[in-house]
Amino acid sequence: MAVAVAMAAAVFPGYAPPLPTTTFNITPTTHLAPFTLRLRVRPRRAAAAAAATTLREVCAGRVPDHVLQRAEEVGYVMPTEVQEQSLPLLLSGQDCVLHAQTGSGKTLAYLLSVFSTIDFNRSSVQALVVVPTRELGIQVTKVARLLAAKACTVMALLDGGMLKRQKSWVKAEPPAVIVATVPSLCQMVERRAFTLQSIRVLVIDEVDFIFGSSKQVSSLRKILTSYSAAASRQTIFASASIPQHNRFLHDCIQHKWTKSDVVHVHVNPVHPMPSHLCHKYVICTKKERLHVLLSLLERDAPKSAIIFVAEQSERSKKAGNPPSTSVIVELLRNSYKGSLDVLLLEEDMNFNARAASFSEVKGRGFMLVSTDIASRGFDLPQTSHIYNFDLPKTATDYLHRAGRTGREPFSRLECSVTTLITEDEHFVLQRFQNELKFHCEELHLESMFTLTS
Ligand SMILES: Nc1ncnc2c1ncn2[C@@H]1O[C@H](COP(=O)(O)OP(=O)(O)OP(=O)(O)O)[C@@H](O)[C@H]1O
């Protein structure tokens with residue numbers, strides 16, 4: 001190609017090689033049919049422009065200066081890809097579905113939109129962020145408070161919280177921003193602690209997960225359509241996985257969850273899995289798994305790790321078996337020779353124990369043994385290794401578990417995800433690879449034991 005270009009330039013002075021073509025598949029959210037757009041892009045200029053655009057520039061004139069200052073102090077200086085693509089839309093008040101890889105920075109994108117919309121001098125509930133779990137709620141509240149500093153109040157209404165006390169606080173001094181789980185929020189609205197009529201921004205984080213939960217879906221619909229109206233607010237949905245997203249966008253408009261010009265911001269549509277994760281698997285029998293896990297931990301010496309375990313089945317509970325989570329924690333506490341703290345997190349724990357585990361995890365190097373409760377939204381950037389002690393149920397579950405590592409947007413450090421499977425489960429893992437378009441390399445048991453012995 002280079003030779004051809006040189007020859008053409010010699011024969012035709014002023015000749016410039018054609019620009020490379022980039023193809024965008026556009027799915028309009030209104031009545032137009034999907035179409036393909038081919039654009040010729042000047043790569044060098046585009047890259048230079050991207051490199052020069054700071055978060056401050058992307059948000060200029062829309063996000064209050066004190067919020068941007070706080071963002072910079074925390075270390076948010078350059079926008080991530082999803083922030084660069086979505087912020088111009090979000091900050092113009094557009095309803096958006098943020099659909100981008102795990103760890104890509106969706107939280108900051110929607111929180112900046114929240115802070116660009118609320119009136120810091122008004123004492124009323126103006127923004128609501130709905131999350132699926134208490135732990136994710138604690139995390140989002142923390143980032144929101146960091147950005148708000150003391151300019152407005154951010155309240156967390158989370159399962160297991162002190163709702164009675166919070167009810168009187170909300171009435172006495174309404175917070176500008178509320179971060180809530182669905183049941184707590186509905187309880188407060190139904191007890192008339194506040195109304196959602198005046199909210200100006202509604203964010204639903206991990207939206208596919210909440211819609212997928214039979215317990216929460218009817219309450220979520222009420223939040224979207226009965227307690228407040230799409231026409232009077234900005235609505236933002238976020239997730240790394242939105243299965244059948246065209247159908248979802250159609251439903252958004254049809255059911256009036258959003259306005260009809262909602263935009264789907266889909267970053268990396270072809271590769272939903274972050275590319276810097278290294279995937280491995282080991283085939284072993286169920287009996288060998290504990291031993292294999294221990295060997296892997298000794299061999300990998302993770303900085304911090306999460307070991308994902310399936311929830312205990314009702315049958316196993318009835319048979320009086322201990323849950324695998326406790327068995328693993330006990331094994332690690334007795335036999336693991338590394339210096340990491342071994343912690344447990346699962347649904348059945350009471351909220352105080354869950355809160356204790358979660359706050360301990362934040363500080364030091366840890367080995368967290370958890371069910372899928374930690375697989376959505378958990379942001380522990382020091383996690384270098386993920387172990388699937390049990391194969392996740394679906395490709396989406398695999399994606400979210402894997403996404404608990406490799407969460408530093410501008411770092412390309414390789415982080416690993418290792419899955420323990422039986423011979424029979426091999427085809428399921430293969431299906432996940434095909435669906436999510438990643439490659440998983442086999443680790444042979446013999447080679448592992450030779451290395452560790
Ligand atoms: N502009 C930025 N500069 C530096 N770090 C950033 C920036 N934006 C976000 N981060 C950091 O990236 C990490 C991941 O961000 P975040 O939790 O928002 O990801 P996410 O897209 O919501 O992921 P998930 O889908 O897994 O919930 C966080 O540790 C966050 O502090």
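In helix α17, the buried residues are A395, Y398, L399, H400, R401 and A402. Buried here means under 20% relative accessible area, with a 1.4 Å probe and protein chains only. The helix spans residues 395-402, and six of its eight residues are buried, so call it mostly covered. Helices are DSSP runs of H or I, at least four residues, numbered from the N terminus.

A word on the source. This is a predicted model: local features need pLDDT of at least 70, side-chain atom pairs need 80 or more, and totals for chains, interfaces and linings use all residues. Residues are numbered from 1 along each chain as its sequence is written, and side-chain values use heavy atoms, without hydrogens or water.

Now the ligand. It has 22 residues around it, each with a heavy atom within 4 Å. The closest are G103, K106, T107, D379 and R407. By class, that shell has seven nonpolar, ten polar and five charged residues. Gly counts as polar in this scheme; Asp, Glu, Lys and Arg count as charged. Helix α6, residues 106-117, gives the largest share of the shell, three residues.

Next, polar contacts, meaning pairs of N or O atoms within 3.5 Å. Each of these goes to an oxygen atom of the ligand. A polar side-chain atom of Y76 lies at 2.9 Å. A polar backbone atom of G105 is at 3.0 Å. A polar side-chain atom of E206 lies at 3.4 Å. How much of the ligand does the protein bury? Taken alone, the ligand exposes 640 Å², and the protein buries 90% of that. Those areas are Shrake-Rupley, with a 1.4 Å probe.

Notes
Buried means under 20% relative accessible area, exposed over 50%, partly exposed in between (1.4 Å probe, protein chains only). Helices (H or I, at least four residues) and strands (E, at least two) are DSSP runs, numbered from the N terminus. A polar contact is a pair of N or O atoms within 3.5 Å; within protein, one must be able to donate a hydrogen and the other to accept it, and residues adjacent in sequence count only if both atoms are side-chain atoms.
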